[in-house]
Amino acid sequence: KAVVSTQSTGVGLLELLKSQICENVALYAQKYDEEFASFLPGFVEAVWELLLSTSQEVKYDLLVSNAIKFLTSVAERPQYSELFSNDDILTKICEKVLVPNMKLRESDVELFEDNPFQYIRADVEGSDAETRRRSASDFVRTLCFVKEQTVSGIFSSYLGNLLGSTTGNKWIDKEAAIYIVISLAVKTKTEKHGATTSNSFINLVDFFNNQIRPDLVSSETHPIVKAAAIKYIMTFRMILPREVIISCLPILTGLVSEKSTVVHSYAATAIEKILIIKMPNYTSVSAAELAPHFEQLLTNLFGSFNHEGSAENEYLMKLVMRSVSLMKSDLPPNIVQHLTTVLTTKLTEICKNPSQPHFNHYVFETLACLIRGSCLGKPENIAGFEAVLFPIFQDILQKDVTEFIPYVFQVLSLMLELQRRPIPPQYMALFPFLLTPLLWERPGSIPPLTRLIQAFIEKNPDGVKDSISSILGIFQKLVSSRTNDHYGFHLLNTMVEHLDKGVFTTSVKGVFMLLFQRMQSSKTTKFMRSFIVFMSLFAAKVGAQPLIETVDSIQGGLFGMVPEKIFIAELQKVTGDTDRKTAAVGVIKLLTEGPAMMNDAYVKWWAPLLTALIHLFEEGVDTSVPADEHFVEITDAPSYSTAFNQLIFATKRPADPFGGTVGNPRQLLAESLQKLSVRYPGKLTPLIQQGVTGPALGKIQEYLSAANITSLS
């Protein structure tokens with residue numbers, strides 16, 4: 001490699017060496033204050049001279065960026081702030097270093113036109129960390145912390161010159177002015193909200209009214225300036241008055257149709273970010289405020305997909321998703337139908353060569369949002385979606401488009417869960433395919449496929465009963481894996497909850513044998529939590545006594561291990577409101593509806609199990625994890641495969657397995673203890689008083705009093 005590059009873009013070894021020295025001395029200044037203090041002024045002077053003598057050629061970009069970063073690292077440390085406190089020095093820095101390096105160069109303009117998405121990633125998404133512009137912008141922000149008023153005043157004269165430029169490329173100067181104002185004005189910012197505090201010496205509203213709005217509405221404005229003006233709105237969306245931001249919606253809607261890829265992408269991104277503003281003391285944009293612009297916005301969005309390079313523009317599709325989400329059930333049927341048709345057409349196109357994962361994800365998110373918004377509480381609307389989506393979904397499954405299969409399963413699950421009984425026959429025609437072992441070999445398909453099988457069991461229990469052995473085979477595969485065992489329990493729980501007792505219980509002994517073998521060979525906290533919830537649901541739905549008898553049928557007296565080694569030891573580790581409620585109800589059933597628990601063999605665990613239940617009610621989750629649990633077998637690690645990405649708008653809503661019949665488990669415990677005391681008069685009170693001690697005993701009395709139960713028999 002040449003020591004000194006003779007090309008304008010190629011970086012030579014000398015440039016790399018100088019750049020690395022700048023990076024190193026910046027680290028010294030940050031990490032070794034005392035040791036480096038005497039050398040610092042010399043390095044500051046050397047770097048300053050370097051910046052003054054270095055041209056604008058691309059090959060020097062990394063060098064200039066690191067040199068400016070060094071000066072920034074010095075300026076942000078209070079003990080060196082006097083080096084930058086002189087007004088003359090600040091003026092020279094602004095004039096000689098900052099302003100020149102904040103202007104776009106020919107290479108930047110070429111990037112804007114020829115590789116717009118790389119330009120966007122650099123300018124908006126922050127991939128330009130090593131560029132001159134970003135380093136200069138960060139330096140400006142640091143200098144403002146040192147002497148905000150002075151720096152703002154110095155830049156104001158340069159801004160006047162840039163804004164009043166009459167040169168042939170005056171749009172370059174205008175863009176630089178907007179960029180400088182953004183750099184000056186932003187004091188603190190977050191990715192989610194943009195700027196959160198601003199420079200009090202910069203009037204953002206005046207600049208918007210005098211410079212930004214005119215450029216946005218003018219047909220003569222250069223696309224680069226329009227992009228910068230849109231970025232101004234994005235950056236200060238939380239600081240500009242709300243009425244200003246709302247007034248921008250129709251302007252930005254129009255800009256979504258601009259031919260320039262950067263401009264219509266920026267406009268879409270700006271609207272999307274405005275729609276998701278959610279902060280205390282800030283009224284988010286409502287559906288009513290978007291409604292007047294919604295149809296035109298959709299027209300412009302889908303029109304821009306036809307622009308060169310934007311057929312799969314993720315920024316446009318993200319706004320489609322976000323605007324549909326905001327409108328939700330307010331969408332008229334004709335718009336829903338049109339959107340579904342257009343999205344299905346787009347899906348058909350991208351199936352041929354899936355290449356933009358973010359774009360693809362937003363397509364499916366939008367479909368899920370349309371389905372949930374239109375069909376929740378209105379299952380009669382699902383047929384329209386099924387008619388359009390089933391053909392393309394079947395095509396995806398037949399052609400094995402692996403990138404899309406997990407999404408298809410999620411959307412099918414959503415539609416099936418919203419369906420009435422009986423479900424349409426096209427679902428059951430698909431069911432045998434879902435049991436194909438090959439599908440369950442793909443890690444990305446397991447979560448949505450499990451949910452889809454659950455939906456079939458819930459919506460058509462009679463239709464799946466002949467396939468129980470196949471479903472249990474899938475369960476066996478899943479539960480043998482540390483990674484996927486909880487999905488196996490999801491299937492079990494759904495079978496317990498929705499199948500007739502006789503259908504499932506014929507196989508339940510084998511299920512318990514598998515679970516005890518897995519517990520003995522590879523016990524984990526996750527497995528034990530799931531095992532407790534399963535047994536609790538079984539006790540609640542099938543019965544406590546059948547649970548005890550099933551376990552004892554494997555080996556006489558085996559159930560004695562269940563209260564001691566499983567419930568008492570692990571109950572506190574159950575997480576999630578629904579699972580903790582299920583565990584509580586199951587333990588109550590064991591305590592009060594399993595006669596075997598009152599027999600001599602198992603009665604010794606009755607009071608400790610009741611105590612564990614009180615702790616579940618009154619204490620937080622036990623988050624401790626055994627040390628050896630961090631060592632997962634290599635053979636259990638998932639192989640490379642298409643990842644599972646959850647569709648937010650297709651997320652399964654939590655369901656109460658008791659259908660609202662169990663309100664407060666504490667009250668259920670009190671009422672169940674009273675009934676038990678009637679069946680065993682004179683036995684329960686001594687059992688509680690002798691076996692339950694400390695605060696737990698007082699809690700039992702609280703529960704009884706709250707349920708208006710004065711005493712136990």
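This tour moves from the whole chain to its aromatic pairs and then to its largest pocket.

**The whole chain**

Begin with the full model, which is predicted. Displayed as a cartoon, the protein shows 34 helices and two strands. Along the principal axes, its C-alpha atoms fill a box of roughly 95 × 65 × 55 Å. Of the 713 residues, 52% count as buried. Among contacts between residues at least 6 apart in sequence, 76% join residues at least 24 apart.

**First stop: Phe117 and Tyr315**

The next stops concern aromatic rings, of which the structure holds 27 pairs. Select Phe117 and Tyr315: their ring centres lie 6.4 Å apart and their planes meet at 10 degrees, so this pair is stacked. Phe117 belongs to helix 7 (residues 116-123) and Tyr315 to helix 15 (residues 314-327), and the pair thereby links distant parts of the chain, 198 residues apart. With a surface displayed, compare the two partners. Phe117 has 21% relative accessibility and counts as partly exposed, whereas Tyr315, with a relative accessible area of 10%, is buried.

**Second stop: Phe364 and Tyr407**

Now select Phe364 and Tyr407. The centres of their rings are 4.8 Å apart and the planes are at 15 degrees, so this pair is also stacked. Phe364 is part of helix 17 (residues 357-375) and Tyr407 is part of helix 19 (residues 405-418), so the pair ties together parts that are 43 residues apart in sequence. Phe364 is buried at a relative accessible area of 0%, and Tyr407 counts as buried at 7% relative accessibility.

**Third stop: a phenylalanine cluster and a charge over a ring**

Select Phe489, Phe512, Phe516, Phe527, Phe531, Phe534 and Phe538 together; ring pairs link these residues into a cluster. Then turn to Tyr179, where Arg133 lies over the face of the ring, at 3.8 Å from the ring centre.

**Last stop: the largest pocket**

Which residues should be selected to find the centre of the largest pocket? Of the 41 residues that line this pocket, the closest to its centre are Gln454, His490, Lys652, Pro654 and Ala655. The pocket has a volume of about 1200 Å³.

To view the surrounding walls, colour helix 19, helix 21 (446-459), helix 24 (485-498), helix 27 (525-541) and helix 30 (577-593), each of which supplies at least two residues of the lining. Finally, colour the lining by residue class: 15 of its residues are nonpolar, 14 are polar and 12 are charged.

Methods:
Residues are numbered from 1 along each chain as its sequence is written. This is a predicted model: local features need pLDDT of at least 70, side-chain atom pairs count only at pLDDT 80 or more; totals for chains, interfaces and linings use all residues. Side-chain values use heavy atoms; hydrogens and water are left out. Rings of Phe, Tyr and Trp (its six-membered ring) pair if their centres lie within 6.5 Å; planes under 30 degrees apart count as stacked, over 60 as edge-to-face and the rest as tilted. Helices (H or I, at least four residues) and strands (E, at least two) are DSSP runs, numbered from the N terminus. Buried means under 20% relative accessible area, exposed over 50%, partly exposed in between (1.4 Å probe, protein chains only). A charge sits over a ring if NZ of Lys or CZ of Arg is within 6 Å of the ring centre and within 35 degrees of the ring normal. On a 1 Å grid over the protein atoms alone, a cavity is a set of points where a 1.4 Å probe fits but cannot get out, and a pocket is an open set with protein on both sides within 12 Å along at least five of seven lines; lining residues have an atom within 4 Å of a point. Grid points are joined across faces, edges and corners, and a volume is the space filled by probe spheres set on the points. Ala, Val, Leu, Ile, Met, Phe, Trp, Tyr, Cys and Pro count as nonpolar, Asp, Glu, Lys and Arg as charged, and the others, Gly among them, as polar. Contact means heavy atoms within 4.5 Å.
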